[in-house]
Amino acid sequence: MSDRPFVSPQTQYYTLTEPFCLESGVVLMAVQIAYRTWGQLNAKRDNAILVCHALTGGADADDWWAPLFGADQTFDPQTDFILCSNVLGSCYGTTGATSFNPATDKPYGAAFPSITIRDMVQLQAVLLQALSVNQIKFVIGGSMGGMQALEWALLYPDWVKAIALIGVSGKHSAWCIGISEAQRQAIYADPNWQGGRYLPDQAPNAGLAAARMMAMLTYRSWASFEAKFSRQQQDDSFDRPYKIVHYLRHQGQKLVERFDANTYITLTHAMDTHDVARGRGDYTTVLSRVQQPALVVAIDSDMLYPPVEQQALATHLPNAQFTWLHSPHGHDAFLIDMEALNQLIINFRHQIEAGNNAAESTACSV
C-alpha cells in the first residue's frame with residue numbers, strides 16, 4: 001500500500017470477509033477499510049474516540065487536526081485510543097469509485113453504487129467491532145464528519161457515550177443540496193468527461209477544479225477573502241488575474257492532483273441524503289431520542305451551514321451544549337482556528353468526565 005498517493009505509511013487496512021449491504025440493497029463484496037489509530041485500547045476496551053473526517057479528508061487526522069493531538073489535548077494518545085477511518089466511497093484506501101470491483105476486476109468508476117451517511121457509519125461500526133472496541137467515549141466530526149457523528153448517536157446509542165458536532169445540521173438543506181449539484185454539473189460539463197470518466201490521454205482537470213473553486217467560496221466568508229485578497233492583483237499588469245483568482249485556480253488544481261471526480265460525485269450525493277428523520281419519523285422527535293451529551297459548535301461566519309442550523313440542533317437534542325467558534329473564516333474555521341476549537345472540546349470533555357465521575361460516586365454510595 002506504500003505506493004498509494006496521499007495515504008500515510010501508518011495507514012492500516014481491514015478487509016471484510018462478509019458481504020456489506022448498503023441501504024439501497026446493493027451488496028458490496030471484499031470491502032476494504034483504511035484507518036489509522038493513535039494510543040492503545042485499555043483493558044476494558046472502553047477508551048476509544050472516533051474522529052470522522054469531512055468531504056475530501058482522509059484517515060490522517062493528526063495531519064489536518066494536528067493541534068488537537070498531544071498530552072492533555074482533545075486527543076491524548078497517552079490516555080485514549082483514537083481512531084479515524086477513511087469513509088466508504090472515498091479514494092484514500094477505503095472501497096470507492098477508484099477501487100477494483102471484484103466482479104469485473106476493473107475500477108468501479110461511475111458504476112460505484114449510491115451510498116448514504118448511514119452506510120458510512122455502519123461500515124465504521126464493522127471496523128470497531130473487529131477491533132473489539134466495547135465503548136466509544138465520544139464521536140467527533142465537522143461538516144460531513146458531524147453528520148456521521150450524529151448518525152452514530154442514533155444508530156448505536158448504547159455504544160456511544162457522547163458526541164461533538166461542528167458546523168453541521170441535522171439534515172442537508174436545499175441551499176447545500178443546490179451548491180453540491182452545481183459542483184457536480186461542473187464536472188459533468190467538462191468536455192473531457194464522458195460516460196463517467198475522463199477521455200483517454202486527457203488529464204482530469206477542468207470540471208473537478210471548477211467544482212473545488214465553487215466549494216472554496218462556500219467554505220470561507222466575505223470577510224476572510226476581503227482581508228486576505230481584497231482587489232489585489234498578481235502584479236502591476238492591468239490584465240493580470242486578481243490574487244483571489246490565482247488562489248481559487250491553485251486550490252482547484254491541488255484537489256485535482258489528490259482526489260477523484262467520481263469520488264467527489266459519490267460523496268456529495270451521500271451528503272445530500274443526510275436527514276436524521278429519514279425513515280424514522282418527525283425531525284424534532286428523532287433528535288429528542290439522542291440522549292448522549294452533545295457539544296454543538298456553531299461558526300458565526302459559516303454561510304454553508306449557518307448557525308441557525310446548529311441552534312436548532314442544540315434546541316432539540318436533550319443534553320446538548322451550544323457554543324460558538326468565533327472566526328472570520330467561514331465554514332473552514334474548524335480547520336483553521338484549531339487552537340480555539342481544541343479548547344472548546346477540552347472543556348466539553350472535562351464536563352462530561354466530571355459528570356461520569358459524579359455518577360459513579362453516587363452509584364457507589366447507594
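**View 1. Helix α3 lies across three strands of a predicted model.** Residues 144-155 make up α3, which crosses β5, β9 and β10 (163-166) and runs at about 145 degrees to β9. Helices here are DSSP runs of H or I with at least four residues, strands are E runs of at least two, and both are numbered from the N terminus. Angles go from 0 to 180 degrees between N-to-C directions, with axes fitted to C-alpha atoms (for helices, over the stretch in contact). Residues are numbered from 1 along each chain as its sequence is written. As this is a predicted model, local features need pLDDT of at least 70 and side-chain atom pairs pLDDT 80 or more, while totals for chains, interfaces and linings use all residues; side-chain values use heavy atoms, with hydrogens and water left out.

**View 2. Eight strands make an open, mixed sheet.** The order is β1-β4-β6-β5-β9-β10-β13-β14, where pairing takes at least two DSSP bridges between two strands. At the edges sit β1 (12-15) and β14 (320-325), each paired on one side only. From one strand to the next, the twist averages 20 degrees. Helix α2 (residues 117-130) packs on this sheet, touching β1, β4 (32-38), β5, β6 and β9 (136-142), and its direction makes about 140 degrees with that of β6; contact means heavy atoms within 4.5 Å.

**View 3. Here are the positions annotated as "active site".** The label comes from an unreviewed UniProt entry and covers Ser 143, Asp 302 and His 331; such annotations may be inferred rather than shown by experiment. The three span 189 residues in sequence, yet no two of their C-alpha atoms are more than 10.9 Å apart, so they gather at one spot. Ser 143 and His 331 belong to the lining of the largest pocket. Ser 143 sits in the loop between β9 and α3.

**View 4. The largest pocket holds about 950 Å³ of space.** A pocket is an open set of points on a 1 Å grid over the protein atoms alone, where a 1.4 Å probe fits, with protein on both sides within 12 Å along at least five of seven lines; lining residues have an atom within 4 Å of a point. Points are joined across faces, edges and corners, and the volume is the space filled by probe spheres set on them. Of the 41 lining residues, Thr 56, Gly 57, Arg 212, Arg 258 and Leu 335 lie nearest the centre. Helices α1 (61-64), α4 (174-188), α5 (206-219), α7 (243-258) and α8 (261-272) each supply at least two lining residues.
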